[in-house]
Amino acid sequence: MSSAGTASPTPSISSAGWLKGWGQGLSQIFFQSNIYTALLILAAFVVADWRMAVLVLIGCAGNTVGGRLLKADSSSVTSGLEGFCGALVGAATFSTIGGQWAAYPIALIGGLLCAPVTWLVVALFTKTPLRVFSLPSTTAPFCIVATGILLSTEALHVTSAPSATIDSESLAFARSLLTNVSEVVLINNVWSGALILLGLFVASWKVGLAGLLGSVVGSLCALAMGEALTETANGLAGYSGVLTTIALAVVFLRSSTLSWILAVIGTVVTAVVTVIMHDLSAPTYTWPYILTTWVFLVIAHYIPAAKRT
């Protein structure tokens with residue numbers, strides 16, 4: 001036991017703990033700390049492109065190390081909470097500049113940068129009057145860093161392969177149920193979406209059901225608001241709704257009838273925010289989910305029946 005006034009040393013992390021945290025950083029993209037879910041998500045990246053999988057692991061590693069250097073506690077590291085934003089930065093790096101040699105150091109640096117950006121966002125929500133709402137930083141650090149990479153690497157940008165044109169609403173809707181899930185991690189692939197959705201059900205049937213519900217509601221809203229069928233089919237119109245539903249139904253609010261109702265309403269609002277951001281041609285990433293979830297958690301603060309987890 002340390003003497004009064006003397007700071008206790010930061011507990012070390014074993015190599016197994018580092019490896020676990022590195023892996024579970026992938027599952028934390030969907031708020032889960034589950035190595036099997038993480039492995040299925042990693043498989044989804046490999047199915048899309050093995051180079052993307054490598055960049056995701058590099059970004060996750062950078063974020064994990066950066067978080068620890070900034071004194072993140074060992075449980076936060078081993079549960080993957082210090083890695084998921086970096087994993088998404090790795091995916092965004094591949095989406096922006098592909099598998100060029102420059103992508104690898106960029107993914108590592110981007111992952112490292114997620115740590116101080118996370119610290120700043122957390123400070124905003126814990127050291128200002130906003131602290132009363134207990135808002136999570138969630139994927140905001142990823143969006144900030146990824147936008148910086150997008151704007152600073154224009155000379156390296158690659159053109160994505162053209163998507164097959166979809167002119168059937170039923171086909172667009174059916175395909176979107178899985179691509180909404182895969183596009184959360186910037187993948188347009190139904191098989192990848194199926195693997196990730198399976199991973200969510202492995203973590204918890206409620207999480208899997210919430211993810212599927214968010215995909216359905218997001219696509220229905222996209223079709224109702226006249227989003228392009230090809231864009232809807234590729235998951236670009238509904239992916240943020242997947243995260244919103246999971247976040248409000250079972251993660252940040254205690255699961256109840258009210259939390260699921262708020263989640264559905266929040267997913268509809270997320271779809272509207274997505275359309276607005278598309279119309280503004282702004283880098284979207286997961287901002288529609290983030291902004292909507294923050295607003296709904298503030299609203300929930302004033303609803304006694306809406307219990308925070």
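## A tour of an all-helix model

Select residues 184–202 to begin: their end C-alpha atoms lie 18 Å apart, and the span is 68% helix and 0% strand. Keep in mind throughout that this is a predicted model. Now select residues 103–125, where the chain is 100% helix and 0% strand and the end C-alpha atoms are 32 Å apart. Both spans appear under "transmembrane region" in an unreviewed UniProt entry, which also lists residues 35–58, 132–151, 209–230, 236–253, 260–278 and 284–303.

**Zoom out to the whole chain**

Colour by secondary structure and you should find 14 helices and zero strands. The radius of gyration is 19 Å, close to the 19 Å that the globule rule gives for 309 residues, so the chain is as compact as a globular protein of that length. Along the principal axes, the C-alpha atoms fill a box of roughly 70 × 50 × 35 Å. Of the 309 residues, 52% count as buried. If you draw a contact map, look away from the diagonal: among contacts with a separation of 6 or more, 74% come from residues 24 or more positions apart.

**Select helix α2, residues 35–48**

This helix has 14 residues and reaches 20 Å from its first C-alpha to its last, close to the 20 Å expected at 1.5 Å a residue. Show the side chains of Thr37, Ala38, Leu40, Ile41, Ala44 and Phe45, which are buried. Why do they sit on the same side of α2? They cover an arc of only 165° around the axis, which puts them there. The spacing fits a general rule: an α-helix has 3.6 residues a turn, so residues three or four places apart point the same way.

Bring in the surroundings next. The cover over the buried residues of α2 includes α1 (15–27), α3 (50–69), α5 (84–97) and α9 (190–203). At the N-terminal end, Asn34 acts as the cap, with a side-chain oxygen 2.9 Å from the backbone nitrogen of Tyr36.

**Step across to Leu57 in α3**

Leu57 is in helix α3 and is partly exposed, with a relative accessible area of 23%. Beyond its neighbours within four places in sequence, Leu57 is in contact with Trp22, Leu26 and Leu42. Try a distance label to Leu88 as well: the two C-alpha atoms are separated by 9.5 Å, with their positions 31 residues apart along the chain.

**Go to Thr267 in α13**

Thr267 lies in helix α13 (residues 257–279). Is Thr267 buried or exposed? At 1% relative accessibility, Thr267 counts as buried. Its side chain makes a polar contact of 2.5 Å with the side chain of Thr245, and also reaches the backbone oxygen of Ala263 at 2.7 Å. Leaving aside neighbours within four places in sequence, the contacts of Thr267 are Gly214, Val217, Gly218, Gly241, Thr244 and Thr245.

**Finish with two backbone angles**

Most residues other than glycine have a negative phi, which makes a Ramachandran plot handy here. Select Lys71, in the loop between α3 and α4 (74–78): its phi is positive, about 75°, although it is not a glycine. Lys71 counts as exposed at 65% relative accessibility.

Then select Thr138, in the loop between α6 (103–126) and α7 (140–152). Phi of Thr138 is also positive, near 40°, but this residue is buried, with a relative accessible area of 8%.

Technical notes
Residues numbered from 1 in each chain as written. Predicted model: local features only at pLDDT ≥ 70, side-chain atom pairs only at ≥ 80, totals over all residues. Heavy atoms only, no water. UniProt positions renumbered as here; feature names shortened; annotations may be inferred. Helix = DSSP H or I, 4+ residues; strand = E, 2+ residues; numbered from the N terminus. Expected span 1.5 Å × (residues − 1). Buried < 20%, exposed > 50% of the residue type's maximum accessible area, 1.4 Å probe, protein only. Arc of directions from axis to C-beta. Contact = heavy atoms within 4.5 Å. Polar contact = N/O pair within 3.5 Å; in protein donor to acceptor, adjacent residues only side chain to side chain. Rg over C-alpha atoms; globule rule 2.2 N^0.38 Å.
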